[in-house]
Amino acid sequence: MEMNIKKIEDMSLNAWPSHKMELYDGWILRFSYFYTHRTNSVEQFGTSTLPWREKVSYCENVYKRLGTPAIFKISPLVSQDFDYTLENRGYEIQHTTNVMTVRLPAAHLDVSYNDVCFADSIPDEWIQSLFALKGTTNPVHRAVVPSMYRAIPKETICASVRKNGQIIATGLGILDRDYIGIYAIHVREDCRGQGIARQICTGLLKEGRKKGAENAYLQVVEGNTPARRLYESLGFYQFYTYWFRVQPAK
């Protein structure tokens with residue numbers, strides 16, 4: 001199980017590059033002007049040789065210079081003692097996230113997805129539409145995030161649904177080894193409840209299988225019950241949970 005978790009953690013790093021990154025003694029410090037927790041946090045990916053206390057203080061200073069609190073991602077691969085260390089420093093848990101997986105031959109993909117359009121690249125129109133769907137108005141994010149999408153090193157499947165010529169729903173599949181990762185599933189608020197997200201997920205999974213994927217993974221924030229119900233109905237099941245420890249304000 002630990003090997004498969006490591007595989008998915010590595011693939012999720014490939015899938016979503018940060019604007020800036022620094023390698024530090026088996027840790028990677030990621031920074032993207034606080035667009036998401038994942039792209040603005042410290043992840044442990046290799047062997048650590050320095051004392052935790054020294055390393056945490058170093059990371060806190062780096063993020064202080066960048067104008068944000070230090071954030072550490074805590075997955076099952078991270079020592080519980082390290083999590084306790086951060087808790088004792090006053091770090092709070094935020095953005096608990098469940099990783100779900102499915103073997104594609106067992107997925108429930110019986111829905112038509114004729115309304116879904118696919119592209120191999122990620123067009124600027126798609127990114128701008130995603131900003132609109134998410135309500136992203138921060139000018140720094142709107143300037144920086146497109147380059148993050150274009151920096152994805154893996155093969156992508158970009159999905160969208162249009163209504164009256166406008167993109168009203170998005171999805172992104174990222175192929176890596178024998179997996180497809182499902183990202184950026186968003187539907188315009190007035191168009192929800194019509195099965196559009198199911199069509200996009202079904203289309204991405206089927207297109208991914210055509211390209212050789214045998215498995216799929218996705219990440220859903222704890223408490224997002226409608227999304228979790230959709231993914232479970234497609235055959236996804238809970239695999240593991242991670243969360244973020246966020247430095248307290250001083």
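Student: Which residues lie nearest the centre of the largest pocket, and how many residues line that pocket?

Tutor: First, a word on the model: it is predicted. Now the general idea. Rolling a probe the size of a water molecule over the atoms shows where empty space is left. Here, the largest pocket is lined by 37 residues. A184, I185, H186, N224 and Y231 lie nearest its centre. Its volume is about 1,100 Å³.

Student: Which elements give two or more residues to the lining of the largest pocket?

Tutor: There are strands and helices on the list. The strands are β5 (92–103), β8 (166–176), β9 (179–187) and β10 (215–221). The helices are α4 (124–134), α6 (196–210) and α7 (225–233). β9 gives the most, with 6 residues.

Student: How many residues of each class are in the lining of the largest pocket?

Tutor: The lining has 23 nonpolar residues, 10 polar ones and 4 charged ones.

Student: Now the closed spaces. How many cavities of 30 Å³ or more does the structure hold?

Tutor: The structure holds 1 cavity of that size. The largest cavity contains about 100 Å³ of space. Its lining includes K6, E9, D10 and L13. E43, Q44 and F45 also line the cavity, as do K73, S75, L77 and V78.

Student: Which element supplies the largest share of the lining of the largest cavity?

Tutor: That is α1, with 4 residues. α1 (2–15) and β3 (42–44) each supply at least two. By class, the cavity lining has 4 nonpolar, 2 polar and 5 charged residues.

Student: Let me try a helix. Which residues of α4 are buried?

Tutor: Start with the general pattern. An α-helix has 3.6 residues a turn, so residues three or four places apart point the same way. In α4, the buried residues are W126, I127, S129, L130, F131 and L133.

Student: What covers the buried residues of α4?

Tutor: The cover includes helix α5 and the strands β7 (155–163), β8 and β9. Look just past the end of the helix too. There, G135 takes a positive phi of about 70°.

Student: And further on, where is N138?

Tutor: N138 is in the loop between α4 and α5 (139–150). N138 counts as partly exposed because its relative accessible area is 32%. Compare its place with that of Y58. The two residues are 80 apart along the chain, and their C-alpha atoms are separated by 28 Å.

Student: How many disulfides are there?

Tutor: The general idea comes first. A disulfide is a covalent bond between the sulfur atoms of two cysteines. The count here is 0.

Student: Why do C117 and C191 form no such bond?

Tutor: Check the distances between sulfurs. For C117, the closest cysteine sulfur is in C158, 10 Å away, so the gap is too far for a bond. For C191, the closest is in C117, at 15 Å, so that is too far as well.

Student: Is C191 buried or exposed?

Tutor: C191 is buried, because its relative accessibility is 1%. C117 is partly exposed, because its relative accessible area is 42%.

Student: How do I read a polar side chain such as Q219? Which side chains make polar contacts with it?

Tutor: Find the residue first. Q219 lies in strand β10. Q219 counts as buried because its relative accessibility is 19%, and the cut-off is under 20%. Then look for partners. The Q219 side chain makes a polar contact with the side chain of Y183 at 3.3 Å. Another joins it to the side chain of Y242 at 2.5 Å. Beyond four places in sequence, its contacts also include S12, R38, T97, N98 and V99.

Student: What about E60? Where does it lie?

Tutor: E60 lies in helix α2. E60 counts as buried because its relative accessibility is 11%. Its side chain makes a polar contact with the side chain of R89, at 3.1 Å. Setting aside residues up to four places away, E60 touches A70, R89, Y91, Q247 and K250.

Student: One last residue. Where is P69 found?

Tutor: P69 is in the loop between α2 (52–66) and β4 (71–74). P69 is partly exposed, with a relative accessible area of 31%. Now compare sequence with space. P69 and P248 are 179 residues apart in sequence, but their C-alpha atoms are 7.4 Å apart. P69 also touches Y63, V246 and Q247, not counting residues up to four places away.

Methods
Residues are numbered from 1 along each chain as its sequence is written. Side-chain values use heavy atoms; hydrogens and water are left out. On a 1 Å grid over the protein atoms alone, a cavity is a set of points where a 1.4 Å probe fits but cannot get out, and a pocket is an open set with protein on both sides within 12 Å along at least five of seven lines; lining residues have an atom within 4 Å of a point. Grid points are joined across faces, edges and corners, and a volume is the space filled by probe spheres set on the points. Ala, Val, Leu, Ile, Met, Phe, Trp, Tyr, Cys and Pro count as nonpolar, Asp, Glu, Lys and Arg as charged, and the others, Gly among them, as polar. A disulfide is a pair of cysteine sulfur atoms within 2.5 Å. Buried means under 20% relative accessible area, exposed over 50%, partly exposed in between (1.4 Å probe, protein chains only). A polar contact is a pair of N or O atoms within 3.5 Å; within protein, one must be able to donate a hydrogen and the other to accept it, and residues adjacent in sequence count only if both atoms are side-chain atoms. Contact means heavy atoms within 4.5 Å.
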